[in-house]
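Subject: Structure for you to look at

Dear colleague,

I am handing over the structure below, and my notes on what was found in it follow directly after. Please read them with the structure open beside you.

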Amino acid sequence: MKACVIVFPASNCDRDMKVALERSLGSPVDMVWHRETDLSGYDLVTIPGGFSYGDYLRCGAMAARSPIMAEVVKHAQRGAPVLGICNGFQVLCESGLLPGVLMRNAHLKFICKDVSLKVENANTIFTSGYSSGEVVTYPVAHHDGNYFTDAETLKAIEGNGQVAFRYVNNPNGSINDIAGVLNKAGNVLGMMPHPERLVDPLLGGIDGKPMFDGLVKSLAA
Amino acid sequence: MKAKVHVTLKNGVLDPQGKAIEHTLGSLGFKGVKQARQGKFIELDLAETDADKARAQVDEMCKKLLANTVIENYTIDIEG
Amino acid sequence: MKAKVHVTLKNGVLDPQGKAIEHTLGSLGFKGVKQARQGKFIELDLAETDADKARAQVDEMCKKLLANTVIENYTIDIEG
Amino acid sequence: MSAITPEIVAEHGLSEDEYKMVLEIMGREPNINELGIFSVMWSEHCSYKSSKKWLKTLPTKAPWVICGPGENAGIIDIGDDDAIIFKMESHNHPSYIEPYQGAATGVGGIMRDVFTMGARPIANLNALRFGVPEHPKTRHLVHGVVEGIGGYGNCMGVPTVGGEVEFDASYDGNILVNAMCVGLADAKNIFYCAAAGIGNPVVYVGSKTGRDGIHGATMASTEFTADTEEKRPTVQVGDPFTEKLLLEACLELMQTDAIVAIQDMGAAGLTSSSFEMASSGGVGIDMNLDNVPQREENMTPYEMMLSESQERMLMVLKPGKEEMAKAIFEKWELDFSIIGTITNTGRMRLFHGGEVVADLPINPLAQASPEYDRPYVPTPKRAPLAPGDVKAPADCMATIKALVSSPNGCSKRWVWEQYDHMVMGDTTGLGRPGGDAAMVRIHGSQKAIAMSSDVTPRYVFADPVEGGRQAVAETYRNISATGALPMAITDNMNFGNPQRPEIMGQFVGAVQGIGEACIALDYPVVSGNVSLYNETNGQGILPTPTIGGVGVIQDVSKAVGMGFVAQGEAIVLIGA
Ligand SMILES: Nc1ncnc2c1ncn2[C@@H]1O[C@H](COP(=O)(O)OP(=O)(O)O)[C@@H](O)[C@H]1O
């Protein structure tokens with residue numbers, strides 16, 4: 001399996017993502033600069049956290065319009081997996097690959113801490129390392145993680161099993177406590193919490209590791 | 001020409017910043033603020049000299065970048 | 001009454017957001033955007049019914065909270 | 001151009017004697033550009049004129065010290081060709097005027113000091129002091145400062161892992177914002193500021209220059225009227241996005257052999273960076289200000305030389321490397337402009353519109369900056385309290401509750417949860433904020449560094465020598481409590497007006513105490529910063545020499561945290 005991490009100006013969890021993926025994959029993961037225009041060699045495309053374009057205007061808005069995103073959209077339309085974490089989630093929403101938007105946290109403050117998450121749907125290529133209903137600990141670190149959609153969309157994503165993760169104690173005001181969301185086809189996942197930050201016992205836990213292990217296994221199958 | 005663009009949240013969309021303003025104004029002792037909503041105000045300085053063309057251009061810019069039309073409305077004023 | 005407040009950066013103050021917008025518009029193929037500046041637009045819904053009093057109140061709010069007068073200017077419009 | 005009147009000289013903060021020195025060095029009356037350059041180069045901030053004499057007494061050497069004070073930051077060797085580059089710096093006054101931007105640009109500035117030497121920043125710390133919580137300005141200041149530090153550091157993707165927050169009435173009108181940055185470099189690939197190579201190009205990179213933070217001479221230049229404030233913002237706005245690009249572009253260029261010397265444009269921007277580079281290298285520079293990337297129209301040479309616009313760097317390249325370097329900066333979408341040439345004249349010559357607008361001798365100006373031996377009175381020793389004078393609390397539980405819920409004693413979680421303290425994936429679980437010292441792993445290894453910033457200003461106030469010692473010892477204890485070996489410190493001396501002998505006495509005492517502790521602990525000072533005149537209406541702050549310590553642990557899996565881990569374990573008290 002071949003995976004890559006897309007790098008926008010001021011992405012800053014790009015290395016974290018690469019390290020976590022390589023740990024589970026056992027082979028090198030490429031970094032792809034946002035001006036490149038070819039993703040055909042990759043099975044898995046990931047969009048890391050950070051502050052692409054300084055989070056100016058709207059988080060993820062400018063990154064969503066860069067050349068590489070047209071390729072990410074094509075990749076997703078082929079049914080291939082795309083994972084966006086934190087800023088990556090914001091970029092995926094802005095690009096239209098995922099429903100909804102991420103607004104300023106309800107208490108307006110940046111928040112960085114471990115939170116408990118409930119795995120809502122373990123029947124996806126991203127979450128197969130967990131069981132549905134399992135509660136895991138992931139760190140969050142964001143200013144704009146307050147997920148919002150209109151009522152109709154919300155009903156649809158809830159009905160289709162598109163909610164992948166839910167906060168146990170909502171840290172940011174997200175509607176229905178949604179922490180991670182899938183597209184309808186289930187091959188695109190965006191989430192605010194950072195599984196890639198908890199893949200090494202030294203860093204405080206390994207609850208994020210099953211996500212990458214599971215992903216590698218599903219894609220190998 | 002100059003274009004002034006207002007980008008505001010659609011009705012019904014939660015506005016955390018507006019809520020916080022309401023709240024803080026209240027605690028600063030300002031009574032009677034029934035609602036606050038925060039939007040963006042973007043001023044563009046354009047090379048274009050024809051008002052209609054400028055407006056069409058800015059409309060494109062709003063759709064492509066300046067506003068997220070899922071949650072936001074925008075208005076454009078063109079000035080000489 | 002309704003108050004519309006525009007908060008903009010003073011002229012010489014660096015506007016990183018405006019700069020980034022300018023840049024991205026350029027790379028999206030919009031030529032001729034000489035400058036972009038981003039400010040805030042705040043709409044307040046007030047219980048006050050007297051326009052002058054409303055204006056005075058909002059002016060206070062701007063000084064105390066809505067604008068940072070070290071780097072920002074503000075204007076107030078009061079509507080019926 | 002108007003002749004230089006005594007008023008103009010005074011506006012530039014130069015004393016009569018200092019101006020006499022200026023005339024002597026120049027051999028003629030300076031023009032306004034030259035005067036402006038003297039004024040910033042000889043400011044307390046750039047010249048350390050009140051503190052130099054005492055700072056020289058600090059121990060700065062050890063076998064593991066690669067570079068002590070004098071460069072942008074200090075450097076220690078932690079083995080395996082890993083060098084740790086770190087420094088602390090204050091941004092007190094700007095943060096009081098505009099807390100968000102003041103604190104943000106403080107963080108941006110200290111990070112540039114570290115990456116300009118070739119290090120990737122891997123940890124930030126911040127030591128904050130505010131007035132009492134009840135003071136009407138405190139809430140606003142705390143909110144803005146914390147948000148500004150987070151805003152900048154989070155966007156840069158550098159974890160903010162530690163610091164201090166303290167409240168005391170002496171900071172009501174004068175808060176302290178001290179930011180520390182720790183970076184990791186390849187010990188074989190470190191960059192210094194000494195310019196060299198006659199004919200080599202001098203290159204400007206980063207953001208454009210605006211009229212930010214230009215002081216003085218408001219009357220001297222006629223075009224400024226009522227809208228001066230509008231034109232010359234006293235507060236700089238930080239642009240962390242651009243700084244992140246600047247960091248990546250600089251580190252990318254540093255992987256090549258193109259750079260001869262590099263210096264960030266901090267306080268006094270283009271002036272101090274160009275003079276320091278030329279002076280350290282013993283060369284001259286011809287600079288063409290027409291080539292300086294400008295944000296505003298019609299900027300004058302005076303404005304360009306004194307601007308404090310952020311996110312800019314100056315470097316000297318090897319000949320023939322310009323195109324390659326330019327391509328890197330263009331990839332990162334940053335300005336790149338050749339603005340000068342190294343000469344053998346020993347002079348700084350500035351050109352603008354085809355004319356020479358300043359012509360100054362470099363060494364006399366940079367090295368002959370005034371140095372004062374300010375009068376001081378040592379702080380009188382106080383008699384120790386008799387134990388009987390301190391009453392035992394009637395209710396221990398109530399006292400404990402009062403202590404742990406007091407603003408200074410309570411958990412600072414509400415602060416550090418607003419900072420991304422885990423980004424980069426090397427902050428260890430035990431080394432997250434909240435413990436004794438922060439711990440960040442050296443990427444890809446088992447090694448980690450431990451960091452802590454400490455000072456107890458009321459101790460320093462009561463007894464500057466003891467208080468200085470204590471601050472050093474506290475960082476040492478915090479670092480060693482994790483299992484790491486403390487290696488070196490940076491200091492940030494925040495004091496009141498040095499022209500008052502009792503304040504100068506506090507300074508002298510604290511420096512003495514810090515020096516003694518460093519010698520006793522084999523724990524040298526490798527960098528630092530001095531912030532004087534921290535007072536309002538004659539009321540000085542508590543003397544606050546913040547110490548930032550760095551240590552190393554070879555195997556981070558052996559590090560210890562401060563939490564009790566199991567029931568039934570013995571609790572042992574050690575030490576005096
Ligand atoms: N401004 C701050 N930024 C980041 N971390 C902080 C800040 N203030 C305090 N902390 C963290 O909170 C913990 C407790 O701080 P402090 O009370 O100063 O500790 P101690 O007195 O034990 O050295 C430390 O881990 C410290 O790094």
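Between chain B and chain C the count of salt bridges is zero, and please keep in mind throughout that this is a predicted model. Polar contacts are a separate matter, since across the interface of chain B and chain C the rule finds 11 residue pairs in polar contact, with both residues at pLDDT 80 or more.

As for the extent of the interface, 30 residues of chain B are in contact with 30 residues of chain C, and the two chains bury about 2,700 Å² between them, with 69% of that area on carbon and sulfur atoms. On the chain B side, the residues that lose the most area to chain C are B:Phe30, B:Phe41 and B:Asp45, which together account for 20% of what that side buries.

Turning to the elements involved, strand 1 (2-9), helix 1 (16-27), strand 2 (33-46) and helix 2 (51-66) of chain B each supply at least two residues of the side that touches chain C, and strand 2 of chain B gives the most, with 14 residues. By residue class, the side of chain B that touches chain C divides into 14 nonpolar, eight polar and eight charged residues.

Strand 2 of chain B also pairs with strand 2 (residues 33-46) of chain C, in the antiparallel sense and over 13 bridges. If you would like a place to start looking along this pairing, B:Ile42 stands opposite C:Gln38 in strand 2 of chain C.

With best wishes

Technical notes:
Residues numbered from 1 in each chain as written. Chains lettered and ligands numbered in written order. Predicted model: local features only at pLDDT ≥ 70, side-chain atom pairs only at ≥ 80, totals over all residues. Heavy atoms only, no water. Contact = heavy atoms within 4.5 Å. Buried area = accessible area lost by both parts, 1.4 Å probe. Salt bridge = Lys/Arg side-chain N within 4 Å of Asp/Glu carboxyl O. Polar contact = N/O pair within 3.5 Å; in protein donor to acceptor, adjacent residues only side chain to side chain. Helix = DSSP H or I, 4+ residues; strand = E, 2+ residues; numbered from the N terminus. Nonpolar A, V, L, I, M, F, W, Y, C, P; charged D, E, K, R; others polar. Pairing = 2+ DSSP bridges.
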